[in-house]
Amino acid sequence: MPPTNTAPIIEINGINKSFGAFKVLNDLSFSVAPREKLALIGPSGSGKTTILRILMTLEGIDSGEILVDGDSLYQMQRNGKLQPADDAHLHKMREKIGMVFQLFNLFPHKCVLDNVTLAPMLTKGVSRKDAEHHAMELLDMVGLADKAKSMPSQLSGGQKQRVAIARALALKPKIMLFDEVTSALDPELVEEVLNVLWKLCRETDMTMLLVTHEMGFAHDFADRVLFFDRGRIVEDGKPDEIFRHPKQERTQAFLKKIIAAGHRV
Amino acid sequence: MGQWAGYLQLILDGAVVTIKLTLMGSALALVMAFLAGLGRLSRFAPVRWLATAYIEFFRGTSIFVQLFWAYFVLPLFGFTLTPLQAGVLALGLNVGAYAAEVVRGAIKSIGKEQYEACTALNFNRWQGLRHVILPQAFVLMLPTFGNNAIELLKASAVVSLISLSDMTFQAQVVRAQTGSTLFPFLTILILYFAIACVISFAIRGLERHLTRGLDGIRS
């Protein structure tokens with residue numbers, strides 16, 4: 001779905017982030033249009049995962065500004081002044097954003113259905129009946145309706161990741177962040193997860209940011225690809241431009257390495 | 001024979017007191033353990049200081065001294081406790097201080113990814129703790145809680161020093177009256193061991209019940 005010409009849903013303006021002496025993000029700026037499907041690629045340590053973690057408020061920023069849906073993520077207006085966001089502000093902002101993790105992060109003590117229903121019931125006050133109804137629709141969508149009563153320990157990695165996707169979708173976020181969601185999976189389980197992402201890509205209005213090493217999938221999935229290196233965006237363009245005709249040397253070198261490692265582009 | 005049955009009855013009366021002390025002391029210890037254990041993880045520094053002060057003080061002074069304070073010194077400040085109340089208070093506060101570190105350790109051992117899932121699903125701190133962290137941490141606390149409860153059972157013998165007629169106190173009474181050491185002390189040896197076994201089995205059963213379906217998850 002091509003992005004329409006409206007105000008961006010995410011605006012990142014000159015953010016910096018360091019872990020100790022290591023500068024992960026260096027004066028980084030970009031914006032994302034509503035409904036846009038964005039793939040973030042690049043070598044490890046290039047800062048792409050950190051971007052997602054910052055958007056999910058799992059990491060703070062050292063300086064710069066992030067706007068989500070027009071509101072500052074880490075600052076809020078109080079008495080006409082900008083102040084650091086408090087818990088209530090962060091809570092409001094997180095309602096718009098969902099995240100799926102590399103290692104699934106399911107709740108091991110809860111069955112699949114409870115993993116999906118817990119958040120809507122706690123954070124949105126949805127009744128158990130409605131939450132379960134919606135959860136079953138989502139589990140059906142990811143092909144796991146028959147596993148609703150299973151414990152996470154009884155599932156394969158691919159199944160766990162599909163549950164994690166259903167769990168994040170249960171809160172109906174406007175923006176979904178996928179952080180290397182197939183990296184921890186055995187090769188034969190990657191496809192079932194990518195199929196779910198593909199379905200979401202075609203059938204929903206969500207803005208999606210995907211950090212991935214699956215270049216072939218990134219090519220098909222994304223409206224736009226950002227190539228990261230050393231905390232900066234080196235190249236930003238349509239999938240065909242980035243993957244077929246990369247302009248920057250570093251992009252070319254990276255893709256060459258990836259192809260040498262046997263990934264399809 | 002009839003004479004020994006009477007003495008056995010005395011010791012069994014004492015066992016009832018010991019069991020009462022153990023149950024009530026453990027209940028107080030559990031409450032204190034969660035209050036102080038969570039307190040040490042609080043965002044608010046004064047809460048952390050208070051919890052740390054409690055834990056260090058009650059671990060660092062003897063249960064014997066604590067019991068004498070509860071029973072003999074508090075009345076000087078206008079708080080008069082029955083021997084049973086003083087015993088429960090001293091045992092509960094003392095063992096609670098040890099168990100607080102168990103609570104803290106178990107909570108800290110839950111992986112960062114579980115907290116991150118809570119944030120990503122927009123839980124507030126309490127919701128995450130209540131529904132995600134504590135249910136998993138509690139299973140990890142259980143074996144050590146079992147140890148703590150058995151420690152409390154054995155420590156409860158100190159209450160005989162403030163004339164509360166627990167099992168040890170009664171054994172001394174029987175010894176004084178009969179001149180036999182073997183009979184009363186063999187009897188309470190067996191009884192202490194039997195009660196400790198019940199605690200062990202109960203905790204292990206609870207652990208089995210709570211870990212059902214959890215196996216193979218913790219990496």
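1. Let's start with two neighbouring strands of chain A. In this predicted model, β9(A) and strand β10 (residues 207-211) of chain A pair in the parallel sense over five bridges. You can find one of these pairings by looking at A:Asp179, whose bridge partner in β10(A) is A:Val211. To get from β9(A) to β10(A), the chain passes through helix α6 (residues 187-203) of chain A, and this β-α-β crossover is right-handed.

2. Now turn to the other side of the pairing story for β9. Strand β9 (residues 175-179) of chain A is joined to β8(A) by four bridges, and these two strands run parallel. Two pairs are worth finding on the screen: A:Gly98 stands opposite A:Met176 in β9(A), and A:Val100 stands opposite A:Phe178 in β9(A). Helix α5 (residues 157-169) of chain A packs on the sheet here, touching β8 and β9 of chain A. The direction of this helix makes about 170° with that of β8(A).

3. How many residues of β9(A) are buried? Five of the five are, so the strand is largely enclosed by the rest of the structure. The side chains are worth following one by one: A:Ile175, A:Leu177 and A:Asp179 point one way from β9(A), while A:Met176 and A:Phe178 point the other way. Both groups are buried.

4. With those strands in mind, step back to the whole sheet. It is an open sheet of six strands in the order β8-β9-β10-β3-β11-β12 (chain A), and its pairing is mixed. The edge strands are β8 (97-100) and β12 (232-237) of chain A, each of which pairs on one side only. On average, neighbouring strands of this sheet are turned by 20° against each other, direction ignored.

5. A good residue to click on is A:Met99, which lies in strand β8 of chain A. Is A:Met99 buried or exposed? A residue counts as buried when 20 or more other C-beta atoms lie within 10 Å of its own. A:Met99 has 27 C-beta neighbours inside 10 Å, so it counts as buried. Leaving aside residues up to four places away in sequence, A:Met99 touches A:Leu52, A:Met56, A:Ala168, A:Leu177, A:Asp179 and B:Ala120. The C-alpha atoms of A:Met99 and A:Ala164 are separated by 8.9 Å, with their positions 65 residues apart along the chain.

6. One of the contacts of A:Met99 is A:Leu52, and A:Leu52 is among the buried residues of α1(A). Eight of the eight residues of helix α1 (residues 48-55) of chain A are buried, so this helix is largely enclosed by the rest of the structure. The buried set includes A:Lys48 and A:Arg53 as well as A:Ile51 and A:Leu55. After the helix comes A:Thr57, whose phi is positive, near 65°.

7. Chain A has another sheet to look for. Four strands form an open sheet in the order β2-β1-β4-β5 (chain A), with antiparallel pairing. Here the edge strands are β2 (22-32) and β5 (71-72) of chain A, and each pairs on one side only. Strand β4 (residues 63-68) of chain A is joined to β5(A) by two bridges, and the two run antiparallel. In this pairing A:Val68 stands opposite A:Asp71 in β5(A).

8. Chain B is built from eight helices and zero strands. Along its principal axes, the C-alpha trace of chain B spans about 70 × 45 × 20 Å. Of the 219 residues in chain B, 35% are buried. Among its contacts between residues at least 6 apart in sequence, 76% join residues at least 24 apart.

9. For a helix to inspect in chain B, try α7 (residues 167-178), which has twelve residues. The helix reaches 16 Å from its first C-alpha to its last, close to the 16 Å expected at 1.5 Å a residue. Its buried residues are B:Met167, B:Thr168, B:Phe169, B:Gln170, B:Ala171 and B:Val174. Just after α7(B), B:Gly179 takes a positive phi of about 80°.

10. Finally, see where the chains meet: 20 residues of chain B are in contact with 23 residues of chain A. On the side of chain B that touches chain A, α5 (112-120) and α6 (125-155) of chain B each supply at least two residues. Which helix gives the most to that side? It is α5(B), with six residues. By class, this side of chain B has eight nonpolar, nine polar and three charged residues.

How values were computed:
Residues are numbered from 1 along each chain as its sequence is written. Chains are lettered from A and ligands numbered from 1 in the order in which they are written. Two strands pair if DSSP finds at least two bridges between them. Axes are lines fitted to C-alpha atoms, for helices over the stretch in contact, and angles run from 0 to 180 degrees between N-to-C directions. Two residues are in contact if their C-beta atoms, placed from the backbone, lie within 7 Å. The expected span of a helix is 1.5 Å times one less than its number of residues. A residue is buried if 20 or more other C-beta atoms lie within 10 Å of its own, exposed if 12 or fewer, and partly exposed in between; C-beta atoms are placed from the backbone. Ala, Val, Leu, Ile, Met, Phe, Trp, Tyr, Cys and Pro count as nonpolar, Asp, Glu, Lys and Arg as charged, and the others, Gly among them, as polar. A crossover is right-handed if, with the strands pointing away from the viewer, the path from the first strand over the helix to the second runs clockwise.
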